[in-house]
Amino acid sequence: MTAESPADATVAEVMAELAELEDPRARAVHEKHGDDHGVNLGKLRAVAKRLRTQQELAVRLWETDDTAARLLALLICRPKTFDRDALDRMLREACSPKVHDWLVNYVVRKSLHAEELRVAWSADPDPVVASAGWALTTERVGKKPEGLDLPGLLDVIEARMKDAPDRLQWAMNHCLARIGIEHPGLRARAVGIGERLEVLKDYPTSPGCTSPFAPVWIAETVRRQDAA
């Protein structure tokens, strides 16, 4: 990339800084999770804090197709500036799991198009895109469930989660757990679905962490809430 304008120069400077932050140890950790970059996320956030919000720079960094640059772009952008089509395109371009997650959590959820995209993405034939729709649905289950067909969501989860691809399965399982945690009237059914499907039942869990197996997740979270 040549520095033919102030914007180009800024992008070049940021890319050079990210290159200097490249750490083989960080890359090894990130690559285990499918993310092809070697920048410590704490240091990346420090760069974002210094740059503050810069929408034009964010767009230019996204266009580099570099994973670390895209993560930085998501931290310094203005979520409400993006139109629906731009967000849809960005999601389909987000090959890195971390970029996908940050795009959904930090940008799409704060945008003006979150609900429209939630509905569209949930029905998308691409399981990675569909997982984003389920992530947005999970947030609504916890924060704004009015208008959602929660029993219908449980029907879909019961029918499809067992054989869903990994990212979609994980997102559906999160939604199942959230329904069980937030809605006592549906808790027994949510737990029953989890017990029958056994999705993530044997997932390795570090000491002190809660298992993602929905019946355990639901029971432990409810226990903590009741004890608070």
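Leaving aside neighbours within four places in sequence, which residues is Leu-61 in contact with? That is point 4 below; a few general notes come before it.

1. Confidence. This is a predicted model, so a quick look at pLDDT comes first. The protein has a mean pLDDT of 94, and 96% of its residues get to 70 or more. The stretch to be wary of is residues 1–6, where pLDDT stays under 50. The model does give these residues 6 contacts beyond four places in sequence. Still, predicted coordinates should not be read in detail where pLDDT is low.

2. Fold make-up. You'll find 13 helices and 0 strands here, so reading along the sequence just gives α again and again. The C-alpha trace spans about 60 × 40 × 35 Å along its principal axes.

3. Packing and surface. The protein has 228 residues, and 46% of them count as buried. Take the contacts between residues at least 6 apart in sequence: 61% of them join residues at least 24 apart. As for the outside, the accessible surface is about 12100 Å², with 52% of that belonging to carbon and sulfur atoms.

4. Leu-61. Back to the opening question. This residue is found in helix α4, which covers residues 55–62. Beyond its neighbours within four places, Leu-61 touches Val-11, Val-14 and Met-15, and also Ala-69, Arg-70, Leu-72, Ala-73 and Ile-76. Ala-73 lies 12 residues from Leu-61 along the chain, with 5.8 Å between the two C-alpha atoms. Is Leu-61 buried or exposed? Its relative accessibility is 0%, so Leu-61 counts as buried.

5. Arg-70 and Trp-62. Arg-70, one of the contacts of Leu-61, has its charged end over the ring of Trp-62. The distance to the ring centre is 4.3 Å.

6. Aromatic pairs. The count comes to 2. One I'd look at is Trp-102 with Tyr-106, a tilted pair with 5.2 Å centre to centre and 40 degrees between the planes. Both residues lie in helix α7 (residues 97–107), and they are 4 residues apart, about one turn of the helix. How do the two partners fare for exposure? Trp-102 counts as buried because its relative accessibility is 5%, under the 20% cut-off. Tyr-106, in contrast, has a relative accessible area of 26% and so is partly exposed.

How values were computed: Residues are numbered from 1 along each chain as its sequence is written. This is a predicted model: local features need pLDDT of at least 70, side-chain atom pairs count only at pLDDT 80 or more; totals for chains, interfaces and linings use all residues. Side-chain values use heavy atoms; hydrogens and water are left out. pLDDT is the predictor's confidence in each residue, from 0 to 100. Contact means heavy atoms within 4.5 Å. Rings of Phe, Tyr and Trp (its six-membered ring) pair if their centres lie within 6.5 Å; planes under 30 degrees apart count as stacked, over 60 as edge-to-face and the rest as tilted. Helices (H or I, at least four residues) and strands (E, at least two) are DSSP runs, numbered from the N terminus. Buried means under 20% relative accessible area, exposed over 50%, partly exposed in between (1.4 Å probe, protein chains only). A charge sits over a ring if NZ of Lys or CZ of Arg is within 6 Å of the ring centre and within 35 degrees of the ring normal. Accessible areas come from the Shrake-Rupley method with a 1.4 Å probe; for residues, only the protein chains shown count as cover.
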